[in-house]
Amino acid sequence: MFIHNKQHKGQTFMSTVNTIGFIGVGVMGEPICRHLATKSGARVMAYDRDNAPLERLAEHGVITATLTEIAEQADIIFMSLPSGEIVQDVIRGNGGAGLLALCRSGQLIVDLSTSPVELSRQLSADLANVGISFADSPVMRTRAAAEAGTLAVPVGADDAVFARIEPLLRTFAADVVHVGGIGAGQVVKILNNMVLYETVLALAEARAIGIRAGVDPERLFAAMSVGSADSFALRNHGMKAIAPQNFPEKAFPVVYAKKDLQYAVGLAEQVGVNATGAKNLIACFDQAIAAGHGDKYAPAISLVFEGQ
């Protein structure tokens, strides 16, 4: 049983969690679930369509379960899913098979996925109508950070929910920031990825230009890293993927990055901003997908310039 006492604005919050449910143990979800199982002190139940990660997690005490069993037994349910569409399907379900119908009043659902802002707000409102709390807490950083337990998590939730989930988030995240109410976590994550991958596009262009101008890409990026172009994207996506042209599958792929950028453009349109950089990046993602690179690590947009 996980018990946490935390002083916040003169009040003491105690979070008692006997059972944690986890839905979606893919690229990011598997290591996150493992950290919860090994550090929270709570019983962890997990569901996924793929048995392989569930078998690996069983070695760390995670119990394979159905959605119904998780809804019946878990105090807090985490979701780590590929898209907002799938998040919506898991919560609303078909014919009463979603968490909205299966869960009970007093439970809490934490969405670690990247979902459209308005969808998070709509789902939160629907769940609140039946007494279920919700937080949007999409994770940032890489698979390596998920493995190391050093993710960053912007959280959209009210103060009481944030106080309840923060210690659990810190089992797999080095940085946890309460950024506002429902939807705020998604705003931060979507814009983070927009800025990140617009920078990745600039790095891909820089490599293509630099190598044709006679400069080795590894030396190019090493020199840029001590200049004003230094960034997380340069040191990770640039040096580790774009410079050596190393784009493995089973990492964050082009198709996922495109989805996040589509969310960013949709959000921009809702608030009246013409996000030209993001639109240009989506066109580049489309080129990479058309060339057969959709399942490769997202910096594979660099390959678009190699064939020009």
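## Exercises on salt bridges, cores and cysteines

R170 and E166 form a salt bridge (a side-chain nitrogen of Lys or Arg within 4 Å of a carboxyl oxygen of Asp or Glu), and their closest N and O atoms are 3.0 Å apart. The model is predicted, so local features need pLDDT of at least 70 and side-chain atom pairs count only at pLDDT 80 or more, while totals for chains, interfaces and linings use all residues. Residues are numbered from 1 along each chain as its sequence is written, and side-chain values use heavy atoms, with hydrogens and water left out.

**Exercise 1.** Determine whether R170 and E166 are buried, partly exposed or exposed.

*Solution.* Begin with the cut-offs: buried means under 20% relative accessible area, exposed means over 50%, and partly exposed lies in between (1.4 Å probe, protein chains only). R170 has 39% relative accessibility and is therefore partly exposed. E166, at 8%, is buried.

**Exercise 2.** Find which helices are tied together by the salt bridge between R56 and E30.

*Solution.* The closest N and O atoms of R56 and E30 are 2.8 Å apart. Helices are DSSP runs (H or I, at least four residues), numbered from the N terminus. R56 lies in helix α2 (residues 51-58) and E30 in helix α1 (residues 29-39), so the pair connects parts that are 26 residues apart in sequence. R56 is partly exposed at 42%, whereas E30 is buried at 8%.

**Exercise 3.** Describe the largest nonpolar core and state which helix supplies the largest share of this core.

*Solution.* A nonpolar core is a set of buried Ala, Val, Leu, Ile, Met, Phe, Trp, Tyr and Cys residues joined through side-chain atoms within 4.5 Å. The largest one has 41 residues, and F221 is among those with the most contacts inside it. Several helices each supply at least two of its residues, including α10 (217-224) and α13 (276-290), but the largest share, 9 residues, comes from α9. A second, separate core of 36 residues includes L36 and F162.

**Exercise 4.** Establish how many disulfides the whole structure holds, and where C33 stands in this respect.

*Solution.* A disulfide is a pair of cysteine sulfur atoms within 2.5 Å. A search of the whole structure finds 0 of them. C33 is in no disulfide, and the nearest cysteine sulfur, that of C103, is 16 Å away. C33 is buried, because its relative accessibility is 0%, and C284 is also buried, at 5%.
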